[in-house]
Structures are given as C-alpha cells and as structure tokens.
Number of protein chains: 2
Amino acid sequence: MAESFSTKVVAKSLVDAVTERLEAAIIAGELAPGERIREQTLATALGVSRGPLREAIRRLEGRRLLDRKANVGVSVTELSPQRLDDLLTVRESLEGMACRLASQRMSDAEIDDMRKLLASHSRRREIALGEGYYQESGDVDFHFRIAAASGNELLTSMVTGDLYDLLRVYRYKSSTMTGRTSQALEEHRAIVEALASRDPDQAEQAMRTHIRNARLYAQMALEKAEKEAETS
Amino acid sequence: MAESFSTKVVAKSLVDAVTERLEAAIIAGELAPGERIREQTLATALGVSRGPLREAIRRLEGRRLLDRKANVGVSVTELSPQRLDDLLTVRESLEGMACRLASQRMSDAEIDDMRKLLASHSRRREIALGEGYYQESGDVDFHFRIAAASGNELLTSMVTGDLYDLLRVYRYKSSTMTGRTSQALEEHRAIVEALASRDPDQAEQAMRTHIRNARLYAQMALEKAEKEAETS
DNA sequence: CGCCCGTCGAATGTCAACAATCGACAACTT
DNA sequence: AAGTTGTCGATTGTTGACATTCGACGGGCG
C-alpha cells in the first residue's frame, strides 16, 4: 500500500490547530513570557472565531504555559530561575522513578538501541564542538525513550508532555545547556550502563544525578548571567 | 471587622462554577467512569450555554478527569487497577521528593504541628474503629502539609491539585483504604520522625515506603475484589 | 496638588444559531 | 443471509452578537 494510504486520516479541529500554533509561538519566544494575549486580536490573526481560541487557551492554562486572571485576561507564564529549579527538581524525581522502572522492563535489545542512540548523538557536529546537546523530541530523545520504557502511562505522559513543554520554554532540553556537552553525554552513558545492570537503585540514582547536575549547572549559568547584567 | 467583610469578593465565572460542579460529580461517582457527557443535555441541566461548559470540559481534560474523542464526544476517564498503580507510583516519586525537601525546610514548630495533627487524627472515631483514614483536604491533610512545606511550587501544585483529584476519583486518599488504618497512622508518625531527623534520604524513604505500602495494599484489595466477583 | 468619582472604550464572558460530523438503522444488492 | 450504501437525527464544532467587567483617563472637589 502506498504511503498516502498507510495512515488513517484524522480530523483535526480548530482547537487542536490553534493549540499547536500557540504552543509553538510560546516556545519560540514569539509570545514572550508575561505577554498579554488579546483574544479578538489573536483570533483575527489566526482567522478563527474566539470560541476555539478560548478552548485552546484553556488547554494551555492546564499545561501551565498560560496564566489567567478572570475578567482581565490571559498572559504567557513568566519564567524565573526559581521556577526552572522547581521544574528540574520535579523532573529529577519523576525521571529517576522512570529509570528505576525501566531498569526492570527494558529488554537487552532496547538497551543496545540506547547505546546506538548515544553513539549517533556523539557523532553529531554541535556536540563535538561543545555547542550544545539538543535533541529532537520523540523517539530519538534519550529521556523520552526511558520514560516510555517505564511502562507507566501517567508518568510517561507527564514527562514527555506538559513537563517537556515547560522545559522547552526555557529553551532547554533535559540534557544540558551549552558548556556541559561532553559531561552530559558521559552521564547518559552512565545511565545506560546502570540500566543494563538491572539494579533499580543504581539506575534511579544515575538519572537523578544527571538531572541534579543539569540543575546545578543551570543555576550557575543564571547567576553568571545576572552578574554580567549588573556590571554592564 | 465582621466575618462578612474579612475576605475579598472574588468573581467566579460560570466556567469556574461549572468546572467545580463537574469535578464534584465525577468524584462522587454521579458521573460514572466511562460515561458519555452530552454537552447540550448537561448545559441545559446546569442552566448555562454550551460555551462555558466546553471550556470547563477542556480544563478537566487537562486534569485527566475527562477523555475526549474529536467529533464524537467526551467521557469520564475510566478507572483501572493499572492506572491506580501508575498514579500511586507517580505520587511515591513526587511525595518522596517533597518529603526530602521538607526535611530541610520545616521549622521545629511546624514539625511539632505535624505531631499534633497526627494526635488529632488518632482521636477520630472512624480511625479508632479501623473504618478508614479519610482526611479533609487542605491544611489538615497530612500529605498536603508536607507538599506545601517542600517550598517547590510546581511540586505542591501537582501533588495537591490534579494528582489529588485523580486519587479522589478512586475514592481513595493517599493514606489508606479501609483495613490499614493503624498501620498508616504509624507510618505517618515514622515520616514525621524522619522529618525531625533532618536526614533527607531518611525522610524520602519513609514517605516512599508509606505510599508503596498503600499501593501494594490497594493491589491486594483489588485482586481480592476480582476474585470475589468471579466466585459470585 | 492629590484624591475620588464617573465615563468610556477595550476586552472578556456568555449566548444562541448555524455548519459539520458521526453513528445507528433501514434499504438495497449480491 | 451478509455486505454495502444512503439517510437521518443527535451531537459536536464554530461563529458572531450581545452582556458584563475592568482599567485608563479626565474632571471635579477639598
């Protein structure tokens, strides 16, 4: 069967389409943190009526990307170092548990696949140059893989959904910011070997250490940025 | 100033009111798991138009209390032993972290307050009779208190919000089901003493053990119920 | 000059009507 | 009898109009 007929045609409502557009704009920074969203203006720009836009906004509220004040309006959630810290702490907790569960569930073939994934990561140019360890979302993302392997639907949905979106808003993937590339890759390797050991405590600790390091590094980077802003 | 004027008057939109009504109906079982929600019927019953109802439904979708199939409709999320297990595993992970953080942040007075809270719990009649350990939500809930003391806004919001609502749907508080009352209270006491020790690992383990025990007990109770359904 | 009140426009909240979709059921064909 | 197609009613998705609320600004008063 040709490609055109291999997948089912799925209706996409305006609410779905608008949700995606808003999400992309928030993550790209086109809608800036703290910025007010005016329903009529945006609905006109998107060529839809306010109804579906309101529904999309409700969804993004639930995902903590937008904040609402009744009868006043909706704004893009503001970022702060404290909030990033809170978020990474939550991720540490959940991803540690995901890794613990995955260590009991992943097959040997799946663990080999993780090694291959890391090998392909290390061949990428921006990593070799230390520019950053950015990953596509989905199946090639190291953390997605582990969350999916946990076998816990709710946990997977949380880690790969809302919490992932929040991270992206910080222009940050769960691995590293610039400057910590080779260490992050080493930590990923350590996580895979801990998974292979089938020791749940070890697996959980490896992941938690990795995310804690990323959190500490982010704190340092933000403090440094603040100090530089003061002196200039 | 009299009580009537001690708090500000806050506007409550129809969306807010409808959200609460739906939530209450789901938790009380008036809207049963799997049950279809018909917008026009429900809107008529509630005396509002479909617009605010749709917005409320979007919110509850985001909280995993409702499932939507585009162009077909919305139904109450179905319960299953696997989903309860997933949920308790997530809570174990998050509440363990909350307890770890709280062990570093709670004042001595706050820990004494926790002891007093447990003392008041142990004086309650249904606990003495072993009938169950149900707590009001809010400040008198043991787990709420610890989550709030974590100092992590996101974590607190998750534990005391959506995840708490999901638990309530299972007619279950994060402590115990009937039959495990005195053990749960003992475990609560152990958690408080671990908090008082200021040892983060110990605090985290005490909370995780408590929730893991609740999870294992829930599994046994569900299996027992299934076996009894088979023989009758 | 500072404070309070009233007005107005922008924006949000809600409503009801129309458009589109889906599933159930009946009729038709093989 | 089984499978396919067409129809229809119930329901969902969207639109645009009206009602309500809020904040900004200007005018009046002390």
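Visitor: How many salt bridges does the rule find across the interface of chain A and chain B?

Guide: The rule finds six. This is a predicted model, in which local features need pLDDT of at least 70, side-chain atom pairs count only at pLDDT 80 or more, and totals for chains, interfaces and linings use all residues. Residues are numbered from 1 along each chain as its sequence is written, chains are lettered from A and ligands numbered from 1 in the order in which they are written, and side-chain values use heavy atoms, leaving out hydrogens and water.

Visitor: Why is the pair Arg58(B) and Glu55(A) called a salt bridge?

Guide: A salt bridge is a side-chain nitrogen of Lys or Arg within 4 Å of a carboxyl oxygen of Asp or Glu. The closest N and O atoms of Arg58(B) and Glu55(A) are 2.7 Å apart, so the pair fits the rule.

Visitor: What makes Leu14(B) a polar contact of DNA strand C?

Guide: A polar contact is a pair of N or O atoms within 3.5 Å; within protein, one must be able to donate a hydrogen and the other to accept it, and residues adjacent in sequence count only if both atoms are side-chain atoms. A backbone N or O atom of Leu14(B) lies 2.4 Å from a phosphate oxygen of the strand, so the pair qualifies. For Ile37(A), also through a backbone N or O atom, the distance to a phosphate oxygen is 3.2 Å. Arg54(A) uses a side-chain N or O atom, at 3.0 Å.

Visitor: How many residue pairs are in polar contact between chain A and chain B?

Guide: The count is 13, with both residues at pLDDT 80 or more.
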